[in-house]
Amino acid sequence: MTWIIPDHSKSQVDRAGRALAQATNGSLPEEDLRVFANWRSSHAFPLNTFQNGLRAKARICTNPVISQRLKRLPSAIQKLVRFPTMKLSQMQDIGGCRAVVNSIDDVLALRDAYRTPRTRHRLVNEKNYIESPKTSGYRSLHLVYRYHSERTTTYNGHLIEVQLRTRLQHAWATAVETAGAFLQQSLKSSEGEEEWLKFFTLVASAFALQENRPAVPGTPPDRNLLWEKIRERSKRLDAVARLQEYPLLIDSIDDLGTARGRPFFLLERRPDQGKFHIRAYRQGDQHRIFKDYLDAEKRVNDIEGADAVLVSADTIKAVRRAYPSYRSDTKYFVRRLKYVLE
């Protein structure tokens with residue numbers, strides 16, 4: 001099959017990134033969009049390599065959920081705005097793959113599996129947000145590698161992020177994203193109503209304690225006090241009812257067929273239409289995939305609560321398990337939250 005290769009120098013990529021970050025009134029320069037799209041698409045080959053490696057290593061776990069994704073345009077722009085000195089060519093998570101596993105022990109076993117064998121790819125960064133949670137409550141383990149191959153040198157230097165997290169950590173992260181989508185607030189980036197942000201921070205601490213891991217900085221160290229604060233804030237927000245009532249957006253599924261032999265899925269959330277679109281693509285449709293991805297991002301750019309993302313998984317069922325926030329599936333999060341409240 002034909003993989004996308006980078007058509008621009010890193011200085012051109014960085015110039016395009018600065019232009020997109022500085023764009024105003026929602027108008028994004030077409031040429032800079034094309035440079036970004038090509039740079040992002042060129043991560044597909046090294047990302048596929050790491051996803052295959054992660055899938056092989058994760059066989060030591062029971063029923064792991066493996067997925068991969070290329071970073072969404074709005075997320076990339078938002079990151080460049082938040083970190084003005086960051087260069088697009090050095091953004092570490094343009095391409096990312098993830099393993100969602102059952103326990104902390106599984107996460108640690110997978111991390112050790114990455115440390116054991118020799119690899120030509122170079123580990124450039126490891127962030128353990130499980131032992132040192134972010135103040136927002138986010139918890140996961142991140143490994144960032146610089147791709148290197150003696151045979152396929154075209155992509156040497158591309159950065160790929162590997163995320164390892166438990167199902168409970170994943171449930172929290174996707175609940176934050178789901179609530180943010182319906183509230184039309186960027187809770188995921190710690191922006192929005194303080195009540196909701198603090199609620200998710202407190203719940204993250206409770207989940208951390210359930211996994212026998214450090215609580216989130218700034219939350220009550222006493223378990224009983226923490227539980228009580230969660231109850232108070234949950235009652236004020238009517239959190240359980242609201243999270244349970246968020247409607248499913250998957251009302252239409254386009255061009256799925258059996259999805260067999262179609263490992264790429266373009267997910268487009270359209271709350272203005274009350275719909276959620278999914279398109280499946282075959283492995284060899286690289287040029288069509290990335291063109292449609294950019295077109296979808298343009299369509300949703302000015303629509304409140306709308307977004308688009310390209311993901312990869314074995315089946316549509318695996319996509320739904322890996323990205324439950326895109327179908328507003330908060331059941332597991334709510335079940336664990338009720339355990340705390342009760």
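A salt bridge is a side-chain nitrogen of Lys or Arg within 4 Å of a carboxyl oxygen of Asp or Glu. In this predicted model, the side chains of glutamate 126 and arginine 115 meet in such a bridge, with an N to O distance of 3.1 Å. The pair joins distant parts of the chain, since glutamate 126 lies in strand S3 (residues 122-128) and arginine 115 in helix H5 (residues 104-115), eleven residues apart. Glutamate 126 counts as partly exposed because its relative accessibility is 30%, which falls between the limits of 20% for buried and 50% for exposed.

The structure holds 15 salt bridges. One of them is formed by glutamate 31 and arginine 34, at 2.8 Å from N to O. Both residues belong to helix H2 (residues 30-41) and are three residues apart, about one turn of the helix. Glutamate 31 is partly exposed, at 42% relative accessible area, and arginine 34 is also partly exposed, at 46%.

Helix H2 also contains arginine 40, and glutamate 297 lies in helix H10 (residues 286-300), 257 residues apart from arginine 40. These two residues form a salt bridge whose closest N and O atoms are 2.8 Å apart. Both glutamate 297 and arginine 40 are buried. In addition, salt bridges link Lys71, Lys79 and Asp93 in a network.

The chain has an average pLDDT of 87, and 88% of the residues score at least 70. Among its elements, strand S5 (residues 159-166) has the highest mean pLDDT, 98, and helix H11 (residues 316-322) the lowest, 63. Over residues 247-255 the pLDDT is below 50, although this stretch has 32 contacts in the model beyond near neighbours in sequence. Where pLDDT is low, the predicted coordinates should not be read in detail.

Definitions and conventions:
Residues numbered from 1 in each chain as written. Predicted model: local features only at pLDDT ≥ 70, side-chain atom pairs only at ≥ 80, totals over all residues. Heavy atoms only, no water. pLDDT = per-residue confidence, 0-100. Helix = DSSP H or I, 4+ residues; strand = E, 2+ residues; numbered from the N terminus. Contact = heavy atoms within 4.5 Å. Buried < 20%, exposed > 50% of the residue type's maximum accessible area, 1.4 Å probe, protein only.
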